[in-house]
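Me: I would like to go through the terms used for this model and see what each rests on.
Reply: Go ahead; each term will be set against its cut-off.

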Amino acid sequence: MSNALAQTIKAWVYEAGELVLKRKESQLQISIKSSRSDLVSNVDYEIQRFLIAKIESKFSKDKILAEEDKRNSLADMSGRVWLIDPIDGTINFVFQRENFAIMIGVYEDGVGKLGFIYDVTRQKLYWGGPGIGVFCNEKKLRPPKNLGAKDGLWAVNAGMYAQNIENIQIIGENSMGVRMIGSAGLEFISMLKGNTIGYISNLYPWDYAPGMVLVQEFGFKGSGLDGLALKFKDRQKFIVATACAYNEVMGS
Ligand code: IPD
Ligand code: CA
Ligand code: CA
């Protein structure tokens with residue numbers, strides 16, 4: 001996909017980030033979604049609407065799958081699809097005012113073409129895709145080492161780890177340890193930087209689509225925790241890791 005489109009999206013994401021930085025100093029309006037730890041704020045809605053307005057003004061025929069405002073389901077991934085998580089890590093946004101990200105993924109017929117993860121408070125936008133490479137702002141990144149499952153840190157979902165879902169504690173115990181941030185986007189950034197070698201969680205398509213485009217550029221492999229291809233539908237137990245670590249853990 002064209003670098004020109006990537007530059008357009010970058011400008012939108014930086015602008016959205018400016019909006020968040022302004023709003024985060026003000027009183028947030030927070031509502032509860034499915035449970036008391038599943039929150040949404042007025043800023044989540046504002047950023048999603050801002051990004052969708054930009055996309056629809058230029059690409060009115062494209063499809064959009066986004067977390068809020070009942071835009072969260074699509075019949076399939078055919079054609080060009082934009083996946084949007086306006087604030088990934090809303091709990092961090094509300095309680096920490098940092099450690100959250102704005103995320104966009106662009107897919108064509110189910111194939112990742114562009115990914116954007118903006119760590120807003122650190123003002124670091126990780127972006128790229130096939131034929132472009134992976135960048136942090138304007139700096140091109142080099143792929144991290146293809147380490148094995150024992151030779152690095154794993155990022156995990158706290159609840160899944162505590163409950164030892166699918167025996168994932170074994171992966172942690174056999175490795176250099178586990179880490180938890182509370183934002184899927186920032187967990188993907190950790191892998192891009194080589195700080196962690198893999199990530200296990202329970203994610204929606206907008207949580208993993210942007211990051212998958214980027215880590216795949218660096219040779220990482222991802223799937224459902226059952227080893228099947230990602231569904232881009234509903235929530236799914238998910239694993240992504242360096243090819244070496246993925247193959248060791250998933251036995252492929
Ligand atoms: C959540 C975060 C969190 C992950 C959850 C996601 P949200 O996204 O990425 O780290 O464990 O599964 O739903 O709701 O803050 O956009
Ligand atoms: Ca979100
Ligand atoms: Ca999210």
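Me: Why does Asp207 count as buried or exposed, whichever it is?
Reply: Asp207 counts as buried because its relative accessibility is 9%, and buried means under 20% relative accessible area, exposed over 50% and partly exposed in between (1.4 Å probe, protein chains only). Asp88 is also buried, with a relative accessible area of 6%. The model is a predicted one: local features need pLDDT of at least 70 and side-chain atom pairs pLDDT 80 or more, while totals for chains, interfaces and linings use all residues. Side-chain values use heavy atoms, without hydrogens or water; residues are numbered from 1 along each chain as its sequence is written, and chains are lettered from A and ligands numbered from 1 in the order written.

Me: What is Gly219 called on that scale?
Reply: Gly219 counts as partly exposed, at 38% relative accessibility. Gly219 is placed in the loop between helix 7 and strand 13 (221-224).

Me: What makes Asp85, Asp88 and Asp207 donors of the calcium ion (ligand 3)?
Reply: Their OD atoms lie 2.1 to 2.3 Å from the ion. Donors are N, O and S atoms within 2.8 Å of the metal (3.2 Å for Na, K and Ca), so these atoms qualify; water is not among the atoms, so sites may look incomplete. The spacing of the donors along the chain is D-x2-D-x118-D. Asp88 lies in strand 4 (residues 80-88) and Asp207 in helix 7 (residues 205-217), so the pair ties together parts 119 residues apart in sequence. Helices (H or I, at least four residues) and strands (E, at least two) are DSSP runs, numbered from the N terminus.

Me: Which residue bridges the calcium ion (ligand 3) and the calcium ion (ligand 2)?
Reply: Asp85 does, and the two ions lie 3.8 Å apart.

Me: How do you know which backbone atoms make polar contacts with ligand 1?
Reply: A polar contact is a pair of N or O atoms within 3.5 Å; within protein, one must be able to donate a hydrogen and the other to accept it, and residues adjacent in sequence count only if both atoms are side-chain atoms. A polar backbone atom of Ala184 is 2.9 Å from an oxygen atom of ligand 1, and for Gly182 the distance is 3.1 Å. A backbone N or O atom of Ser183 also lies 3.1 Å from an oxygen atom of ligand 1. These pairs therefore meet the limit of 3.5 Å.
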